[in-house]
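The following exchange concerns how certain terms are applied to a structure. Each reply sets a value against the criterion behind the term.

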Amino acid sequence: MKSLLFCLWVVTTSAWAWDRHDLITEHALKKVVLPDATVKYVPLAEALAGGMSVVKSNTVDGLLRELKLNKTYAFLPKLNEAPGRVVFVPSILSKYADEPDWGPDQELFAADQYPELWTGDMPYISVKTGSGSGGFRHMFFPGKIDWSEPLSSFQIPLRPIGEAPARAELYYKLSQDFFRRGQPYWGYRFLAWSLHLVEDLYQPFHVRQCPSKAFMRWKLKWGVIPTLDIPRTAAQIEYYHLAYEQWLTDKAFSELKEELLSSELSPKFPQGIEAMVLTSVVPFASRRAQAIGTLSERFFPEYNFAAGASPKDKIGTKDWWDAIKESKSADAAKLKQFTHALFREMGMTVRRMVSEVKE
């Protein structure tokens, strides 16, 4: 059991989904007419002073504790904001769509943070420390077997784990609360947080613990019984997760972004963000996980690095790119095809969320 938990930790040490939420959000909203072109910046302490409904706290420290965000996190201005200065709304949404990856969800299990968050399910979706310690906030494994893909949809434990859908709902409601209270800057900034988590869940590696049976590696127990080789399987998942992201960011985004450049909206979701994510986003991404995982395993250079080596040391290097053969162009085309579908649906959902936030 200890070796199993350790290996699952390895899988979640890289909790990044789409590497550039700012670009995804920017392109998804290019054809959207926003209700506000600009808003004035107000420090968070001032915005909270009038009281809130979604949270009870009216101080920044209290907000961090109530939301169970890292108590040292500072909501720093990244767009040269100053009190009373006008800020472009599209810039707020795109820039701060990356903010959930800047540390508010990391290192939460320490004794001086929220040690109660480390439950029995956590080892299967998050590590305790480091950059991957926020994985449980950015992923969701539904715990349902798809009998058409029983191996790749199997997970441990076989029940829903991960907070991403609930957190997306929480930040969306907090955004609406700020709008109602005449604080649009923070309404848009927390809307960007909600967009981030919904975008995360369109990444197949964030909704399937082992996205493809192609990642599974086997060994002989006692020399005769085929047994899942957990360390090697975990290493495969981490490697191909990172490889897929690197390829998307460096090589495919310029083409795939065209799927985001639309004015189409997804259907309305009257039951709320969490329900929409659980009934629409997660199933949509999950149904493409097997194909994207299998294509990744065929398209990217074989994972054969030395034990203990980090995939990040190899992925993206010239030698790594050179190892992707032109003969695999058909696999690349199919990989783009499946990712096109994810981007199209993601763009439609982002636009719907933004269009409805003030309704």
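Buried means under 20% relative accessible area, exposed means over 50%, and partly exposed lies in between. The model discussed here is predicted.

Q: Why is E169 called buried?
A: E169 has 14% relative accessibility. The limit for a buried residue is under 20%, therefore E169 counts as buried. This residue is found in helix 8.

Q: What is E169 in contact with, leaving aside its neighbours within four places in sequence?
A: E169 is in contact with G272, I273 and E274. The term contact applies because heavy atoms lie within 4.5 Å.

Q: What makes the pairing of K68 and E116 a salt bridge?
A: The side chains of K68 and E116 meet at 3.1 Å, N to O. The criterion asks for a Lys or Arg side-chain nitrogen within 4 Å of an Asp or Glu carboxyl oxygen, so the pair qualifies. This pair links distant parts of the chain: K68 is in the loop between helix 4 (60-67) and strand 2 (86-88), while E116 is in the loop between helix 5 (89-95) and helix 6 (135-138), 48 residues apart.

Q: Which class of accessibility do K68 and E116 fall into?
A: K68 has 28% relative accessibility and E116 has 46%. The class between buried and exposed runs from 20% to 50%, so K68 counts as partly exposed, and so does E116. As for its backbone, K68 takes a positive phi of about 55° just after helix 4.

Q: How do you know that D121 forms a salt bridge with R159?
A: The closest N and O atoms of D121 and R159 are 2.6 Å apart. With a cut-off of 4 Å, the pair is therefore a salt bridge. D121 lies in the loop between helix 5 and helix 6, R159 in the loop between helix 7 (150-153) and helix 8 (164-180), and 38 residues separate them.

Q: Are D121 and R159 buried or partly exposed?
A: D121 has a relative accessible area of 19% and is therefore buried, the limit being under 20%. R159, at 43% relative accessibility, counts as partly exposed.

Q: What makes E264 and R344 a salt bridge, and where does each residue lie?
A: Their side chains meet at 3.1 Å, N to O, and the criterion is within 4 Å, so the term applies. E264 is in the loop between helix 10 (230-256) and helix 11 (273-299), whereas R344 is in helix 13 (residues 329-356), 80 residues apart. E264 is partly exposed, with a relative accessible area of 39%, and R344 is partly exposed at 32%. Elsewhere, D105, R137 and E163 are joined into one network by salt bridges that share partners. A search of the whole structure finds 20 salt bridges.

Q: Why are strand 3 and strand 4 said to pair?
A: Strand 3 (residues 218-221) and strand 4 (residues 225-228) are connected by four bridges in the antiparallel sense. Pairing requires at least two bridges, so the two strands meet the criterion. K221 has I225 in strand 4 as its bridge partner. The two strands form a hairpin with three residues between them, and W222 in the turn has a positive phi of about 55°.

Notes: Residues numbered from 1 in each chain as written. Predicted model: local features only at pLDDT ≥ 70, side-chain atom pairs only at ≥ 80, totals over all residues. Heavy atoms only, no water. Buried < 20%, exposed > 50% of the residue type's maximum accessible area, 1.4 Å probe, protein only.
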